[in-house]
Amino acid sequence: MNGEKNLDILLKSMKPQLNEGSYVFCNIHDISNLDITDCLMTFKEAEGITVIINKETADKYGLNYTYVASWITLTVHSSLEAVGLTAAFSGALANENISCNVVAGYYHDHIFVDTKDAEKAIEILSKF
């Protein structure tokens, strides 16, 4: 099934969902000690491997982090070829001084915002 590409439809039907828990971004060089199923995402960069993981799990592994976030899922099935969705919601959040870190999954876009901004972000995103 292909995802939606029409920006108007995406914005009207994205229905943000706040997931439970607190999440952190960690930079590690060796993931062999991690159970990969504990990770939401891994991404290899020149400086190391970025891991997005539940804060409690990161603490269990003794991983270092500096940013604690809440995870919001846009429940609409967006196409990886959709144009303008990220710009629309990140712009709306930026207008309220809320930073967001975006990860595109195959089916959905996922937004990580500072935990103190989670409820406000949901409110903003729900207005679309």
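Q: Is A58 buried or exposed?
A: This is a predicted model, where local features need pLDDT of at least 70, side-chain atom pairs count only at pLDDT 80 or more, and totals for chains, interfaces and linings use all residues. Residues are numbered from 1 along each chain as its sequence is written, and side-chain values use heavy atoms, leaving out hydrogens and water. Buried means under 20% relative accessible area, exposed over 50%, and partly exposed in between (1.4 Å probe, protein chains only). A58 has 0% relative accessibility, so A58 counts as buried.

Q: Which residues does A58 touch, not counting those up to four places away in sequence?
A: A58 lies in helix α2, residues 55-61; helices (H or I, at least four residues) and strands (E, at least two) are DSSP runs, numbered from the N terminus. Contact means heavy atoms within 4.5 Å. Outside that sequence window, A58 touches V24, C26, I53, L63 and Y65.

Q: Which element gives the largest share of the largest nonpolar core?
A: A nonpolar core is a set of buried Ala, Val, Leu, Ile, Met, Phe, Trp, Tyr and Cys residues joined through side-chain atoms within 4.5 Å. The largest one has 18 residues, and M14, I72, L93, I111, V113 and L125 touch the most other members. Two or more residues come from each of α1 (7-13), β5, α3, β7 (109-114) and α4 (118-126). The largest share, 5 residues, comes from α4.

Q: How many residues make up the second, separate core?
A: L125 touches M14, P16, I72, L74, F89, L93 and I111, not counting residues up to four places away in sequence. A second, separate core includes V24, C26, V51 and I53, and its size is 10 residues.

Q: What geometry does the ring pair Y23 and F112 have?
A: Rings of Phe, Tyr and Trp (its six-membered ring) pair if their centres lie within 6.5 Å; planes under 30 degrees apart count as stacked, over 60 as edge-to-face and the rest as tilted. The whole structure has 6 aromatic pairs. For Y23 and F112, the centres are 6.4 Å apart and the planes are at 70°, so the pair is edge-to-face.

Q: How far apart in sequence are the parts that the pair of Y23 and F112 ties together?
A: F112 is buried at 2% relative accessible area, and Y23 counts as buried at 8% relative accessibility. Ring pairs link Y23, F25, Y67, W71 and F112 into a cluster. Y23 lies in strand β2 (residues 23-28) and F112 in strand β7, so the parts tied together are apart in sequence by 89 residues.

Q: Which residue meets K5 in a salt bridge?
A: A salt bridge is a side-chain nitrogen of Lys or Arg within 4 Å of a carboxyl oxygen of Asp or Glu. The structure holds 4 of them. K5 is partly exposed at 48% relative accessible area. At 3.4 Å, N to O, its side chain meets that of E81.

Q: Which residue forms a salt bridge with D117?
A: D117 is buried, with a relative accessible area of 13%. K116 counts as exposed at 65% relative accessibility. The closest N and O atoms are 3.2 Å apart, and the partner of D117 is K116.

Q: Which helix holds both E123 and K120?
A: Their side chains meet in a salt bridge at 3.7 Å, N to O. E123 and K120 are 3 residues apart, about one turn of the helix, and both lie in α4.
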